[in-house]
Structures are given as structure tokens and as C-alpha cells.
Amino acid sequence: MCGIIGYVGNKEASPILHESLRKLEYRGYDSYGFATIDKNKVWIRKGKGKISDAGFEKIPGTIGIAHTRWATHGNVSKANSHPHLDCQKKLAIIHNGIIENFDKLKKGLVRRGHKLRSQTDSEIIAHLLEENMDAGLENALKRVMGIIEGRSAILVVKDDFDGIVAARKGSPIIVGVGDNEYFIASDIPAFLKKTNNVMYIDDGEMVVIENGKTPRFVNIETGKSISKRLIKIDWDTTQAEKGDYAHFMIKEIMEQKETILRAINQDDKEIQKVAKAINNAFGVFLTGCGTAGNVCHTGEYIFSKIAKKHVNYAVSSEFPSYDDFIAKKTLVLTVSQSGETADLLEAVTDAKKKGAKVISLVNVKGSTLDRVSDSTFLINAGPEKAVASTKATTAQLAIMYLLAYASAGKLNEGKRMLLDVASKTNDMLNPRYDERIRKIAEKIYKKKNIYIIGRSTNYPMALESAIKIMEVSYIHAHGFAAGELKHGPIALIDKGAPVIVLCGDESDKDSISNAMEVKARGGLIIGVGPKKYDVFDHWIKTPDVGVGSPMVNIIPVQLLAYHLGVLRGCNIDMPRNLAKSVTVK
Ligand code: F6R
């Protein structure tokens, strides 16, 4: 969370930073701010709200940093927005992360006479740097990195330094190398229009970017220089634009016509190798967060059904409670769009410490997860900009199926099934289909609650449906295992309560009985599946793809969530309180 960008070059920094910050807005949009260096002075501009709603205000200088905030410590206000200054206003910092020992450090700073202007944990970095400036900027930052605890990425500018000093412990930062100019950002899209040549900064490293010089990378603890490779990123910038679509979310939903197919296009040998590792492992754990967690949960069913194999699933934030089971021969299979989710990265660090092997399904190439995993399958969905994950979900599911089929020794059968899913998804996602779902959304968008039920692989998809509806439309939505309804939740059903029933496999008969129980109590039944049952008040048809049904069932629910959000006037691509990459615990 929080987007950070820095610029060092010969051009005016503030317009470049402004443009880049807009590209990072999906990371946080509570407030924004800029700091530049000109004539030995720190210039600051800050504001509350979204950078895209703010007018551009130039500040002088060819060196600068900028930040878009997702609030953790301290409310959403101009005072709490970054950059933060030291007492003497000689340096400015921006920060992404959480300082876990902030309370103690802040009390010490206040005791020693520092005047803090915000409620944030981040501001203490500026004051700690100020206290350590006798060692020079670079060494002061090294010392501060040793003092603060937790995950952080920090960028610093100072009145008498012609560049940026930055450090990383946990949260990502990447250097973009242009023509006599450098960028440093939390995400590559921030500078992708300017350059696709990057240098990665690993955990425990710092970089000194001085105007006119090659960036110098240093290990924070040992002070040793580190040489870095220049890596070319092959992303297409137009993929990260909305084009003719009203929102990124609908564009990304529609892209599933191609992304499922792209995801299947993996190296067979690598799939077979990992499948073998899964079969030989002493316990397999699937882990991820939110939507990616639901993909893992589906994976538990997929492995059981297809490979007759028991694998365990835990959301990453709960993973520490299972880590007593992790041993040297355990295999941990992780799923993440961004590859930067803090809870997941902690789980991976934990698992690796115990000697487990980590294999990941990731969208963002070069992300922390991609780089720390023993082996990675890139899902190739292209940049996903809407906060609500859609195309990454089905691409992740596709690879989960490939692995399960390969583990059962039936990779080709799996590919045939997935090709069928891809081609039928392509047919399904047409304007008429979208319009039909919009009409159903019109009937329910004023409701306060929506329930979703499913069995087997469609149970985790019911949970995923609830996430999608809640985050995009702010309607309270709740997913249940269909059979669990009668054990309590059915008490919630009253006249007209919308209940979405996900169907499409051998468990349909039982799910339909549950739907009838709901209908008998006045519920409005919206069926999703290949077959129309009498109990449905509305039917959203999905293709019959057998065991692949969760992939095709989640797509119309994504569309429904989208239309509910539009009808309710919600901020579709940037829902309140959320951010695309959750880099704090
Ligand atoms: C919901 C959503 C989130 C993410 C979760 C993990 O639509 O996108 O629940 O799935 O924050 O993010 P990644 O996949 O980047 O690890």
C-alpha cells in the first residue's frame, strides 16, 4: 500500500512526479504529497484526497519524491500526508510500510525535544535521520534502518544533496534507468512510460542516486557495494490504460477472453517438475490472501478431485498458526497477483526458514514473491489496475488446474479442459451477456444484503463472489457452503433476499434443494450455471465445462459486482478504504 516515486535528472521533477503518482493511485488514495530540492531548499506540496482530483501545482527542482497514501497510523488529513520533514525542514522523507516500534521511538524523540507535526509512524524517520546526520545522509539512513522495526521502503531528499537516498526492508522499491535520468518507485508502472530498464533493490539494501552518476547499491548491514544487472521489462504500456472502457475493472473482466488462454501457455517441463515435487513433498500447503486465498481454497478441492491428493490451505495471515507443521520436505504453493502482499511474504519467509520449498503463481514479474520463490509460474494476465481482482483470479485458477492435472499424470487432459474453458469464456463474454447481467443488477442494487451459496469448488467461489460484491458495491454480501445454510444463516432470509446459487457440477442436486429451502422462505434465487432449474427467479447461464465450473461461474459474478457498483455510484476501480497491493500486515 502507499505508492512512492522519486525522480533524479535534468528535467523539472514535479510534472513527472505528478504523472507517475497518478499511475500509482491504485496503491492508496487517501492523500498525496511532493517534495523537491531546489536552491538548497526543500519544497513541499501536499493535499487530502486523490491526486487525480487535485490540480497540478508546479514546485521547482529536478530532484523530487512523491507519495500517495493509504492511511495506517493517523487519520486521513493533509498533516498526515507524506512527505514528512525533520524539525529544521532540511530533509523530506516518504515511506511505505509500518514501523512496529514507532510508539517507543516517538516518545524518545519527543523527550529529546523534536517537534512532530503528524500522527504518523513515518514522520519519526525524518527526525531520526536528523539526529543521525553527523554521519552524513547515507550513513544516517543506514543507522535508521537498524533502529526501526517492521517492513519499510524509504526515499529521502535533503537540501544539500543532489539526489535521492533510498532503503528497503520488506516493502518493494525498484530503480528505473532512463537517459541521464533515474526513477525509483514502489511499482514499475509509475515510470514505465519513461523507461522499461530496471534495477531491482533487494531486502536489506540501499541505493544512492546522485545526479549525473550511476546509482550505487549498498548492503545496509555490511556497507558493501552490490553490483546490479539492468533488466528490460517487456510490458506493453497500453495494457495498463483503460482504452474505451469506463473502468479498468470492466476492461479486465473482458480481458478474460484471452488471459485464461495466456495463463495455460506454460512450460510443460516446468509444470511436470513442480507436479513431481508436489507428489514427493511431505505435506503441501496452499496460501494467499483475499481473492488469491480463495483461489488456494479452490485448489484444495481441485487437488482432491483431480489428483486425489490432500493439500492444506491457509490464508497467509493465519499461516503462522500452522507453521509447526512445516518441515524441510514441505512444499508451500503461494498465489498472488502483486507478489508484494505482506502477510504472504511473511508466510514465505517463515516457511523458508524451516527449509520448505516455495513455489508461486504470480502476476507481477520481478515482484518480491517472484524473486524469493524457489520457482515461479507467471500467470501472464498483464497489468491488473482495478483494485478488485478479476482476470488474475481465473488465470491463477487455470494454473492451479494444470498443476493438479499434472500431479495426476494427466496434463494433456487438463490442457484440453482449460482450452475448452478459454474458448467458452470467449463466447460468453459478449455485450448481450453483459447487458443481461446489468438488468439483474438493476433489480437488486438497492438491497442491503446479498447471499451466495455453492458446494465443492463453488463454495470458495461463493466466498470470492462475496468479496467482489462487497468491495465494489459496498452491499453487504456473504458466501456460504450451501449445505451450511440450514445450520444457522437461513435465519437471515426474508422476503426478496437475493441468494445467488452457483451450480455446474455433480453437487447441483443438493445445492438446488438448498435453493428451494431459501425460496420457501421468500428468497429471490439467482442461479448461475449451465442448466436452468425451476427454482431460479433469474438465470445467468454459464457454459458446461465440468470440473472447470468455478472459472466460468466467477466471471458473471464479477460482472454483477461491477454493475451493482456502477448503479450505486461507487468508485469502481478504487473502492473506499482499499488499495491494490497490501504491503502492511
Ligand atoms: C480482492 C483483492 C484482494 C487481493 C489480496 C491479495 O479483489 O484483490 O483480496 O486478492 O489483497 O493480493 P495479491 O493477489 O496481490 O497477493
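1. In this predicted model, the loop that joins β2 (31–38) to β3 (41–48) contains Asn40. Asn40 is not a glycine, yet its phi is positive, at about 55°. Most residues other than glycine have a negative phi. The backbone at Asn40 therefore merits mention as a departure from that general pattern.

2. A second backbone feature concerns the peptide bond from His82 to Pro83, which is cis, with omega near 0°. Most peptide bonds are trans. Pro83 is placed in a loop as well, here the one between β4 (63–69) and β5 (84–85).

3. Turning to the ligand, its position is in the largest pocket. Two elements, α8 (290–307) and α14 (458–473), each give two or more residues to the shell around the ligand. Because domain 2 (241–426) and domain 3 (430–585) both give residues to this shell, the ligand lies between these domains.

4. The shell around the ligand comprises 15 residues, of which Ser336, Gln337, Ser338, Thr341 and Glu471 come nearest. By residue class, the shell divides into six nonpolar, seven polar and two charged residues.

5. Several polar contacts to oxygen atoms of the ligand can be described individually. The side chain of Thr341 places an N or O atom 2.5 Å from an oxygen atom of the ligand; Thr341 is also one of the residues that come nearest to the ligand. Backbone atoms take part too: a backbone N or O atom of Ser389 is 2.9 Å from a ligand oxygen atom, and a backbone N or O atom of Thr291 is 3.1 Å from a ligand oxygen atom. On its own, the ligand has 400 Å² of accessible area, and the protein covers 90% of this area.

How values were computed. Residues are numbered from 1 along each chain as its sequence is written. This is a predicted model: local features need pLDDT of at least 70, side-chain atom pairs count only at pLDDT 80 or more; totals for chains, interfaces and linings use all residues. Side-chain values use heavy atoms; hydrogens and water are left out. A residue is near a molecule or strand if one of its heavy atoms lies within 4 Å of it. A polar contact is a pair of N or O atoms within 3.5 Å; within protein, one must be able to donate a hydrogen and the other to accept it, and residues adjacent in sequence count only if both atoms are side-chain atoms. Accessible areas come from the Shrake-Rupley method with a 1.4 Å probe; for residues, only the protein chains shown count as cover. On a 1 Å grid over the protein atoms alone, a cavity is a set of points where a 1.4 Å probe fits but cannot get out, and a pocket is an open set with protein on both sides within 12 Å along at least five of seven lines; lining residues have an atom within 4 Å of a point. A molecule sits in a cavity or pocket if more than half of its atoms lie within 2 Å of its grid points. Helices (H or I, at least four residues) and strands (E, at least two) are DSSP runs, numbered from the N terminus. Ala, Val, Leu, Ile, Met, Phe, Trp, Tyr, Cys and Pro count as nonpolar, Asp, Glu, Lys and Arg as charged, and the others, Gly among them, as polar. Domain bounds come from an automatic or database domain assignment.
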